[in-house]
Amino acid sequence: MTGKRTSLLLPNKNLTRRTALKGMGAAAGLMAAPGFVRYSQAQSSEPIRIGFQAHRTGIGAAYGRWYERVTTAAAQAINDAGGINGRPLEIVTEDDGTDPKRGAEVVEKFANQHKTDVVFGTLFSHVVVGSAPAAGELKMPYYVVSEGYHVASGSLNRYVFQPGITDVKAQVRAVGPWIAENVGKKITLVYPDYAFGHDHRDKFPERFEAAGGTVVGLVPIPPTETSFTRYFPQIPSDTEVIYHVMVGPGVLTFVKELGEFYGSSGPKLFGFIDSLEAVDINSPGLEFLDGSYFWEGMPRYLQPDASDAVKAYRAAVGIDDNGASVNDPKDVSTSAHMFGCWETLYIIKEAMEAAGYQGPADRAKLVEATEALTEFPEGPEHPQGLKVFSPMIHQSFGQQYISQVSGGKLNVVHTTSIEDGMYEPEADYTSMPL
Amino acid sequence: MLAAGAGPAFAHAADRGFVMLLPTGYYLFGGAAAVALSFAILTLMPPEPVTRLLRAKLRVAQLPFDDRAITSWLSFAVIVLLWLAGLFGSRDPLSNPLPLVFWTVFWVGFTLVVGLFGNLWRWLDPWYGPSRLILRTIGRADRAPLFSLPKRFGHGLAIVLLFAFGWFELVYPAPDDPELLAWVLIAYWLLNLAGILAFGHEAWTSRVELFSVFFGMISRLAPLQRVDGNRLFLRFPGGKLDDAGPLPVSAMLFLLLALATVSFDGLMRTFFWLGLTGVNPLEYPGRSAVMLPNTLGLLAVFAGLAGVFVLAVWLGRRFAGMRNPLTEMAGLLVWSIVPIALAYHFSHYLGALIINGQYALAAISDPLANGWNLFGTAGYHVVAGATAGYESAWIIWNLQSAAIIGGHLLAVLLAHALAFRLAGDARTAALSQLPLAFLMVGYTVFGLWLLSSPTGG
């Protein structure tokens, strides 16, 4: 270690980007020491360089902060356990400003200037879509953590993967049957009237209707709207469930006004936690959500039956039982998505080890090795749960969580099966030239 | 490609969402009423007490030294270290000290310090020491500058530099990129060094170098005043304006541009502006997609603000039947914009100051991201929750409102005193300010609206 650190507020176990870097320094030091078994077979002691395309500024910054913390924690855990193929991981962070054009420039920088082995970690869909062509042209394996459907749709290229998180199409499909069987059969969808909302409008009904449900109403809300009461009369009176996917600064107002509109009666609610990711569920104005249901990618609150792997993951990334930072209870994590960074780094590790990856010349081999993966078993490397990987569409499918708000927490009431969300591949990247 | 599905839309629900739940309408109304009422009260009061208040001085200390060269060199040394960190340190703008120190500590924080304590930039100016050394070395230390800066330029070059700076901050996609920022700042330093060597430190820093011009204006508000080198006085905020002459037109425009820049910083993020430029506020496309509309927007806000201000002065001059030249009146009354500019600056950057200030604290301990811990803060965990949630939103909103309303109240007071200086009698002064008072009420409401309306950018 590079000298003692006196942290201001925290015990030393806390992770920051800096401690991870230092951890790597330590790993490099250990490698030089004779007889260090785990590194003894490494052919090169050069670190594996992971280009982290991070939203450090721009609209994604609040989410980028947690993606960065989880990435740092995962890199630290991998390094502590001996690195990849005996080589330590080095995270090279570049800020894309949450901007697609800048994103493409960052991919180029990773390839030409930093000479990273892969690029990883992008969250916002428009940045993924803007950066993917550069990754394809530069033949740079690009592992995104965005949950968007763009990878699985086949519209990107062979170098783009999303193996660590389920895409939105599968998420939306997965919750349909359970809602029809347990919450109500007549549903009205309230959604922002643009592509994100349309994805929900178009992809939700199939599985829901197959399970006996009916969509009785569609209430699109213009994205510029900031007051919602006047749209509520459009919700049919026989509605049993309102499915809401509102996003943006108006969400809190939306919930408050919905509560004022229906009072103590009214339909049941099912929402996507995307609406309130990183927002305290006990905030004033959100009282109306009590008893309602949410999709979660991974539970925010520690569940009574949590596995040791989940507990270890939560401890490593530094979140408490409520899913907030252990150092800062008001800093609620983006827990429904950020696990994807952790799992994706382990998938890169697995693929590199399978490919016998040595350096940038082996990038094509790495793509093929990733495509040869089919399953990621639940465990410390995949605490969110088992994932089934579809090589043709470069997309993983995993289980989803449905939680109910009660007692000021989100309690998991159902875990969907992987099959609930799965769909037939609609493209085949493996047939594209490398 | 874009039809590939939007995926998650993570438009941020927090922070501004909580502000939207607050009764902000009352604040807008109350702020407007307070500013209007203060104007009414002032018009009924004889102006002498205000003038006396502004002239009051309380000696508080004798400063031990006055040597700008030493502090200038120290400042320059720190700046060189920051350049090196920008060029060779972390690529992450939240780990590299250069963008954090420049944008957050210096531009946001230091501006407030200057507004409170006076023109410390006089000491920290990184050209003074180096330029004196160069001039002494070539034997020109005591001689007149090589060239004289043409009078007709006025503050025109400073306006160009301030616009470029504002554009880089608000419109350019990557102002936080550490390496790029280092090169920009190195180029800026060299450019100004050349200007100072050619035209003299005094002429160049009072009319061209943007920070010197800006801090010189902002510091007029500071309640501390230094007289004859080392005597320190406590003044009423803005009291130092009692001997301020009318600003020339170009300097007036510079000050208005400074206010326009921070106003546009707020405006460009609102649903209103995004809607106006055809951007879905829930699906902000990133800065690179809105460079043209935002460049035009910055220019338009500047032109609009300058136009409305001059119009208000012109109308007031007509109402009061005054004979003073319009340029003299506008040039003097524009000083009353300083507290508004400072209040906007505080309110708009408060959140950034709280969060990025913490990142800066961590980054300066490990400037090259190689494991140093120079000040023991390298492992500092950034408390992002400081601005999150309902309570924080309530506290921050109230601080912002207090600053905006307080800044405008002070502006009305200063305008009153300045108008009295121009008019010579209370009735004329009051009449001449009527349109300006309307403008200030309007700008109070605008400022509070910017801070409470939904944002997506």
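Here is a chat between a trainee and a mentor about a predicted model.

Trainee: Let's start with the big picture. How many helices and strands are there in chain A?

Mentor: Remember that we are looking at a predicted model. Chain A has 434 residues, and 58% of them count as buried. As for its elements, chain A holds 13 helices and 17 strands.

Trainee: Okay, which strands stand at the edges of the sheet that runs β2-β1-β3-β4-β5-β15-β14-β13 in chain A?

Mentor: That sheet is open, has 8 strands and shows mixed pairing. An edge strand has a single partner, so one side of it is left without a neighbour in the sheet. In chain A the strands that fit are β2 (89-95) and β13 (375-376).

Trainee: Moving inside that sheet, which residue is the bridge partner of Val119(A) in β4(A)?

Mentor: Strand β3 (residues 118-120) of chain A and strand β4 (residues 142-143) of chain A run parallel, joined by 2 bridges. Look across from Val119(A) into β4(A), and the bridge partner is Tyr142(A).

Trainee: And which residue in β5(A) does Tyr143(A) stand opposite?

Mentor: β4(A) also pairs with β5(A), in the parallel sense and over 2 bridges. β5(A) is mostly covered, with 7 of its 7 residues buried. Opposite Tyr143(A) in β5(A) you find Phe161(A).

Trainee: Now strand β15 (residues 395-398) of chain A. Which of its residues are on one side, and which on the other?

Mentor: In a regular strand, side chains alternate between the two faces of the sheet. β15(A) has both faces covered, and the four residues on its two sides are all buried. One side has Gln395(A) and Phe397(A), and the other has Ser396(A) and Gly398(A).

Trainee: Who are the partners there? Which residue stands opposite Gln395(A), and which residue in β15(A) is the bridge partner of Phe389(A)?

Mentor: Strand β5 (residues 160-166) of chain A runs parallel to β15(A), with 2 bridges between them. Strand β14 (residues 387-390) of chain A runs antiparallel to β15(A), joined by 4 bridges. Gln395(A) is matched with Gln162(A), and the bridge partner of Phe389(A) is Ser396(A).

Trainee: Which residue in the turn between β14(A) and β15(A) has a positive phi?

Mentor: β14(A) and β15(A) make a hairpin, with 4 residues between them. In that turn, the residue with a positive phi, at about 55°, is His394(A).

Trainee: What about helices over this sheet? At about what angle does helix α4 of chain A run to β1(A)?

Mentor: Start with helix α3 (residues 61-80) of chain A, which lies across β1 (48-54) and β2 and runs at about 165° to β2(A). Helix α4 (residues 100-112) of chain A lies across β1, β2, β3 and β4. Its angle to β1(A) is about 170°.

Trainee: Why does Val127(A) count as buried?

Mentor: Val127(A) is found in helix α5 (residues 125-137) of chain A. Beyond its close sequence neighbours, it touches residues including Asp96(A), Pro100(A) and Thr122(A). The cut-off for buried is 20 or more other C-beta atoms within 10 Å. Val127(A) counts as buried because its C-beta neighbours inside 10 Å number 27.

Trainee: There's another sheet, right? Which strands of chain A stand at the edges of β7-β6-β8-β9-β10-β16-β17?

Mentor: This open sheet has 7 strands, and the pairing is mixed. Helix α7 (residues 195-203) of chain A lies across β6 (186-192) and β7, running at about 165° to β6(A). With a single partner strand each, the edge strands are β7 (214-221) and β17 (409-415).

Trainee: Which residue in β17(A) is the bridge partner of Val405(A)?

Mentor: Strand β16 (residues 401-406) of chain A runs antiparallel to β17(A), and 6 bridges join them. Across from Val405(A), the bridge partner is Leu410(A).

Trainee: Last one, in chain B. What is the orientation of α8(B) and α14(B) to each other?

Mentor: The axes of helix α8 (residues 156-170) and helix α14 (residues 291-320) of chain B come within 11 Å and cross at roughly 140°. The crossing is right-handed, and the contact residues divide into 3 nonpolar, 3 polar and no charged. Angles over 145 degrees would count as roughly antiparallel. The two helices, α8(B) and α14(B), are therefore oblique.

Notes. Residues are numbered from 1 along each chain as its sequence is written. Chains are lettered from A and ligands numbered from 1 in the order in which they are written. This is a predicted model: local features need pLDDT of at least 70, side-chain atom pairs count only at pLDDT 80 or more; totals for chains, interfaces and linings use all residues. Two strands pair if DSSP finds at least two bridges between them. Two residues are in contact if their C-beta atoms, placed from the backbone, lie within 7 Å. Axes are lines fitted to C-alpha atoms, for helices over the stretch in contact, and angles run from 0 to 180 degrees between N-to-C directions. Angles under 35 degrees count as roughly parallel, over 145 as roughly antiparallel, 65 to 115 as roughly perpendicular and the rest as oblique. A crossing is left-handed if the near helix is turned anticlockwise from the far one by less than a right angle, and right-handed if clockwise. Ala, Val, Leu, Ile, Met, Phe, Trp, Tyr, Cys and Pro count as nonpolar, Asp, Glu, Lys and Arg as charged, and the others, Gly among them, as polar. A residue is buried if 20 or more other C-beta atoms lie within 10 Å of its own, exposed if 12 or fewer, and partly exposed in between; C-beta atoms are placed from the backbone. Lists of a residue's contacts leave out its neighbours within four places in sequence.
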